[in-house]
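Here's a quick briefing to read alongside the structure. It goes topic by topic, so feel free to jump around.

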Amino acid sequence: MKPRLVIVMLLVLALAVPASMLAQQNSKAEKEVRAVLEEIKQANLKGGDEAAAAGDKLFADDYVRITADGAVHNKADMLNGFRTGTSKDEAYELSDIKIRIYGKTAVVTGILKSKGTLLGVSTSAAGSRFTRVLVKRGGKWESVVYQSTRVAEPANAQASNNAPPSYVANPANYKVIGENDLFRVILEKKPVGVRDPWHSHMDSAVYNLTDCHQRIYRSDGTTREVTLEKGSVVWQSAMTHSTENIGTSECVMLLVERK
Amino acid sequence: MKPRFVIVVLLILGLAVPVSMLAQQSKAEKEVRAVIAKLNEANIKAGADAVAIFEKYLTDDFVRIPPNGAVFTKSDVVNANRAAKSGLEAQDLSDIKIRIYGNTAVVTGILNSKGQSPLGYGAVQQSRWTRVFVKRGGNWQCVLYQNTPIKQ
């Protein structure tokens, strides 16, 4: 074997081993953090002394809680809330959880829909976007900060809720090229940089006639970037949204919508 | 070596380590404050200068949760600032608390701001915020920034 090849192989191995070890460590840490999130959820649902005991273990001594009203509470406040019954949830549902591990720190973001009280203040069932930061000390993960922000209706929620069909909202870019009693066929051509007004779609199949990189604005206030490949088919359920061509070429697609 | 002398040396060493740790924390705090100042500068400037700052001081997996609870990525921030002619009119940070956990910094504070963000959400007079930084390759970078309006 040539010496140069051996060196390259050794280098690849030297890089691959730490990368794989790091991935394994992160995956293990993610599992541990998920377990802590579940313990916190159970404590919030139980309330009382049991929750206070769990909170004492799960919250760091320098824990900071920033509520959806922008108020600040510390660990003692939180434990007291459990003990006195002023903090307790009847419902506690987490979604869109994303965990990022940076060594001994975990940064978790997600949405919490809860129903109950936090230190006597009603929590919103509508949902809040949260960040929880955890630090691993002495072999266990402790929460050091938790902040929540209410997910607001988009500024044009009204427009979003009553959004007209695409070909009405943006006739320059959406044209009906055929229809019968069951289906409507729409040709969409969106130039680079164009964002269309809020509009609605029925259940539909979308055939992408070009590659397309676009940002999708959803009615819950979130955005998502997608890259659609020429020749691919995407299925979408009826919904309202607004999309923006953030790529470098025109997006062209054919939509077959159920009436 | 006399036992008393050994004890004195050990005591000095025992004190020296925490003192050195405190010095490190204080250095880290200063560095993090400097990065926060750069990010604030970018929020006011917008345009190419802001883009350069955000490219340098935001991690690629940066997450921004603004006062309306939406989620933006680093590329959202960079693209919005590239296209923007102006940033926030004013912003003032107060009640800043920095906690250092090894190579991570968790910072909380109050923000008073005026104007429109290039990301498109309206001005919020006063909000409580959290920023999380990680130190990579000797530089502190922001991985998360969230703010919540303070109920008046």
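In this predicted model, the buried residues of α3(A) pack against four elements of chain A: α2, β1, β2 (72–74) and β4. Below, that helix and its neighbour α2(A) get a closer look, and then it's over to the sheet in chain B and the contact between the chains.

**Helix α3 of chain A**
- Helix α3 of chain A covers residues 75–84, and its buried residues are Lys75(A), Met78(A), Leu79(A), Gly81(A) and Phe82(A).
- Those buried residues span an arc of only 155° around the axis, so they end up on the same side of α3(A).
- Right after α3(A) comes Gly85(A), with a positive phi near 80°.

**Helix α2 of chain A**
- Helix α2 of chain A, one of the elements that the buried residues of α3(A) pack against, takes in residues 48–58, and its own buried residues are Ala51(A), Gly55(A) and Leu58(A).
- Looking down the axis of α2(A), you'd find the buried residues within an arc of 65°, which means they line one face of the helix.
- Flip to the other side of α2(A) and you get the exposed residues Asp49(A), Glu50(A) and Lys57(A).

**Chain A as a whole**
- Five helices and 16 strands make up the secondary structure of chain A.
- Chain A has 259 residues, and 32% of them count as buried.
- Take the contacts in chain A between residues at least 6 apart in sequence: 63% of these join residues at least 24 apart.

**The six-stranded sheet of chain B**
- Chain B has an open sheet of six strands with mixed pairing, and the order is β2-β1-β6-β5-β4-β3.
- At the edges sit β2 (72–73) and β3 (90–101) of chain B, each pairing on one side only.
- The edge strand β3(B) runs antiparallel to β4 (residues 104–114) of chain B, with ten bridges joining the two.
- Within that part of the sheet, Arg99(B) has Val106(B) in β4(B) as its bridge partner.

**Strand β6 of chain B and its two partners**
- How many residues of strand β6 (residues 139–149) of chain B are buried? Eight of the eleven are, so to speak, under cover: β6(B) is mostly covered.
- On one side, β6(B) pairs with β1 (residues 58–65) of chain B in the parallel sense, over four bridges.
- Val63(B) is the residue standing opposite Leu144(B) in β6(B).
- β5 (residues 126–136) of chain B also pairs with β6(B), this time antiparallel and with ten bridges.
- Here Phe133(B) stands opposite Cys142(B) in β6(B).
- β5(B) and β6(B) form a hairpin with two residues between the strands, and Gly137(B) in that hairpin takes a positive phi near 55°.

**Where chain A meets chain B**
- The contact involves 30 residues of chain A and 28 residues of chain B.
- On the chain A side, the elements giving two or more residues are β1 (59–66), β3 (88–102), β4 (105–118), β6 (128–137) and β7 (140–150) of chain A.
- Which element gives the most to the side of chain A that touches chain B? That's β7(A), with six residues.
- By residue type, the side of chain A that touches chain B splits into twelve nonpolar, twelve polar and six charged residues.

Notes
Residues are numbered from 1 along each chain as its sequence is written. Chains are lettered from A and ligands numbered from 1 in the order in which they are written. This is a predicted model: local features need pLDDT of at least 70, side-chain atom pairs count only at pLDDT 80 or more; totals for chains, interfaces and linings use all residues. A residue is buried if 20 or more other C-beta atoms lie within 10 Å of its own, exposed if 12 or fewer, and partly exposed in between; C-beta atoms are placed from the backbone. The arc is that of the directions from the helix axis to the C-beta atoms. Two strands pair if DSSP finds at least two bridges between them. Two residues are in contact if their C-beta atoms, placed from the backbone, lie within 7 Å. Ala, Val, Leu, Ile, Met, Phe, Trp, Tyr, Cys and Pro count as nonpolar, Asp, Glu, Lys and Arg as charged, and the others, Gly among them, as polar.
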